[in-house]
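Here are some comments for a colleague who has the coordinates open. They take up charged pairs, two threonines and a small sheet, in that order.

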Amino acid sequence: MKNNYFLVSILLLLVVVQGTSYGQTSTLVSVGTDGHLVYTADAKGNSVPDFSAVGYKNSEAPIPTIGVVLTVNPVVGDNLANIQNAVNQVAAMPLDANGFRGTILFTAGTYNVSDMVTIPASGIVLRGVGFDGNGTNFIGTKTSQFTLFSFLGASGTPYIYTAATKKAITDLYLPIGKKQITVASGHTFAVGDKVFVHRIPNDAWISLLGMNLLSAIDPTAVDWTASAYDMNSERKIMAISGNLITLDAPIMDIIDPVYSTGELVKFTDGRIQNCGIENMRISSTYASATDENHGWEAVAFENIYNSWAKNLEVYYFGYCAVHINSHASFITVDACKMLDPKSTIDGGRRYSFNVDGQRSLVQNCVTRDGRHDFVNGSRTCGPNVFYNSSSTLQNSDIGPHHRWSTGILFDNLTGNGSMDVQNRLVMGSGHGWAGGQTMFWNCNASRMVIQDPPGDEINWVIGCVSPVITGVGDATTEPIGVVQSQGTHIAAIPSLFIAQLNDRLGALSNNQIGTASFGNTLFIDPNPAKSQITINSNETFNALTTISIYTSNGQLVKNQKEVVDFSEDKLSFNYDVTDLSDGIYFAQISNDRITKTIKFIVKK
């Protein structure tokens with residue numbers, strides 16, 4: 001693999017020397033004649049992976065709007081009991097057909113909160129009425145480090161599995177980007193099972209990376225051990241043919257018997273799900289610009305999946321706006337801001353949007369005066385995606401931070417500091433290699449460190465604009481990773497995430513998209529459509545029906561209840577889509593009984 005990439009790099013250098021533009025293209029990912037992405041693999045089958053299987057409901061449905069079941073007004077003084085009692089009241093309600101209990105609406109005003117609010121049950125949404133200072137304003141007042149909103153499932157039971165649910169992976173070599181794996185005979189896996197791809201490295205892999213030598217460089221550093229780097233990548237089984245298993249997301253770290261073995265492990269999910277927090281301002285009191293005894297994390301997710309945070313404006317917290325912890329997955333963080341944190345500028349502070357979990361999406365977010373603004377922690381399994389976000393007044397770099405995070409896409413990020421994936425060697429307590437299979441796509445940075453790990457693992461910088469792209473890092477100099485189209489964005493694929501998402505969604509049938517249905521049947525015809533769709537049901541629509549249209553990355557583009565006549569109950573109605581560009585969309589159809597989301601395609 002490295003030889004192929006080395007040759008590509010030499011060819012690129014020759015092109016630049018000859019004065020010919022090599023911009024706007026990549027030899028690794030391109031658009032085929034049919035409009036779908038084409039990937040170029042190396043001799044071992046390694047290719048740029050599909051990063052798109054991330055976010056709420058795997059990005060196969062937009063974030064829903066859940067009906068209000070309880071309204072809370074601010075009280076004078078401490079609001080902790082006021083808020084926690086409301087959460088507990090809704091937690092005691094039954095789940096509806098879509099897995100929700102309902103939304104708690106917090107009216108405009110100021111809510112001083114003296115300690116952590118815990119959301120312990122599925123199906124609870126916290127919603128404010130705005131975040132511009134005149135809306136819903138939560139202020140954390142505790143004078144020690146704490147998390148203000150904690151979405152926290154029960155500890156000890158996030159994943160339940162036994163030895164009987166495990167089968168060895170028998171492939172001689174599982175490359176990056178592969179979705180099909182072979183397991184030993186006699187398995188009992190079924191389509192739809194949740195599974196871990198368990199990668200079990202050996203001492204040879206630790207030695208390959210040089211992570212067994214850290215203490216020889218600095219006696220205070222901790223050498224890596226193979227047993228500490230067992231990593232479980234969360235997947236779902238999509239198809240089975242004998243012992244060949246097709247997964248919903250690709251392999252992000254090579255399984256090679258020289259350096260690792262693997263097994264497939266079925267698990268039962270014991271986590272909570274279907275929770276959200278949205279449309280509010282969250283801030284912390286503080287004593288000075290370097291105060292460390294105040295609000296630390298605004299929102300944290302742990303032991304939870306299929307949940308979201310959106311439209312949050314976060315001020316002054318010392319650590320982060322949103323922390324997706326290690327047992328959280330399928331979380332979407334959309335249109336959030338982390339502004340003006342208060343702390344010393346040092347390690348363990350100002351990680352604005354921190355992903356330690358899996359299969360999560362951070363998009364359309366903004367930071368100011370952070371350190372590691374869009375970041376993954378140690379031993380984080382991908383895919384994870386940071387998309388269309390920006391940082392100003394960076395105090396440190398964007399990228400995986402330490403101890404081998406894999407399968408991360410940084411797509412259309414803009415910062416005024418550095419974006420890096422590198423060997424940090426003995427920094428911290430022995431951070432070592434920050435990550436592998438990390439892609440920076442169409443990003444803008446003042447400097448980029450892109451280092452190439454030993455072996456077949458790889459890191460990429462494609463279509464990025466930066467005056468310096470180098471293998472010279474903060475702690476060591478390593479071979480440079482794959483760099484293509486330096487200084488010129490890939491125009492044919494403006495966003496790798498969106499292109500991969502549209503490819504993946506386009507391959508899914510309508511009955512694989514969405515939540516519970518209206519009655520037994522709800523479908524769109526024609527699909528693909530040119531100018532008009534007809535939405536059909538065997539259960540009548542009524543005057544409470546609403547129609548919302550979202551893009552494939554969850555952006556609302558049409559919400560036109562007023563132009564659809566539901567004055568009489570109907571089994572079908574027409575809906576104009578002439579103003580939509582070609583692409584994949586979701587129609588979210590709701591009434592007083594149920595919500596359904598259906599994918600449709602516009603192709604003119």
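How many salt bridges does the count come to? The count comes to 19 salt bridges, in what should be read throughout as a predicted model. The points below follow some of these pairs and then turn to other sites.

1. I would begin with R504 and E60, which form a salt bridge whose closest N and O atoms are 2.9 Å apart. This pair links distant parts of the chain, since R504 belongs to helix α5 (residues 496-506) while E60 sits in the loop between β2 (37-39) and β3 (68-72), with the two positions 444 residues apart in sequence. Both partners are hidden from solvent by the accessibility criterion: R504 is buried, and E60 is buried as well.

2. A second pair is K266 with D193, a salt bridge in which the closest N and O atoms are 3.8 Å apart. K266 lies in strand β16 (residues 260-266) and D193 in the loop between β12 (180-182) and β13 (194-201), so this salt bridge ties together parts that are 73 residues apart in sequence. Are the two partners buried or partly exposed? K266 has a relative accessible area of 33% and is therefore partly exposed, whereas D193, with a relative accessible area of 11%, is buried.

3. D269 and K194 also form a salt bridge, and here the closest N and O atoms are 2.7 Å apart. Because D269 lies in strand β17 (residues 268-269) and K194 in strand β13, the pair ties together parts that are 75 residues apart in sequence. D269 is buried at a relative accessible area of 19%, which is under the 20% limit for that class, while K194 counts as partly exposed at 25% relative accessibility. The pair does not stand by itself, for salt bridges that share partners join K194, E234, D269 and R271 into one network.

4. Turning to the threonines, T285 lies in the loop between β19 (276-284) and β20 (295-302), and at 32% relative accessibility it counts as partly exposed. Which residues is T285 in contact with, once its neighbours within four places in sequence are left aside? They are I139, G140, T141 and H294. In addition, the C-alpha atoms of T285 and K142 are separated by 7.8 Å, although these residues are 143 residues apart along the chain.

5. T261 has its place in strand β16, the strand that also holds K266. T261 counts as partly exposed, with 43% relative accessibility. With neighbours within four places in sequence left aside, T261 is in contact with H198, R199, I200 and I255. The C-alpha atoms of T261 and D230, which are 31 residues apart along the chain, are separated by 10.0 Å.

6. Finally, there is an open sheet of three strands to inspect, with the order β32-β34-β36 and parallel pairing. Which are the edge strands? They are β32 (418-421) and β36 (469-470), each of which pairs on one side only. Strand β34 (residues 447-450) pairs with β36 in the parallel sense over two bridges, and M448 stands opposite I469, a residue of β36.

Key. Residues are numbered from 1 along each chain as its sequence is written. This is a predicted model: local features need pLDDT of at least 70, side-chain atom pairs count only at pLDDT 80 or more; totals for chains, interfaces and linings use all residues. Side-chain values use heavy atoms; hydrogens and water are left out. A salt bridge is a side-chain nitrogen of Lys or Arg within 4 Å of a carboxyl oxygen of Asp or Glu. Helices (H or I, at least four residues) and strands (E, at least two) are DSSP runs, numbered from the N terminus. Buried means under 20% relative accessible area, exposed over 50%, partly exposed in between (1.4 Å probe, protein chains only). Contact means heavy atoms within 4.5 Å. Two strands pair if DSSP finds at least two bridges between them.
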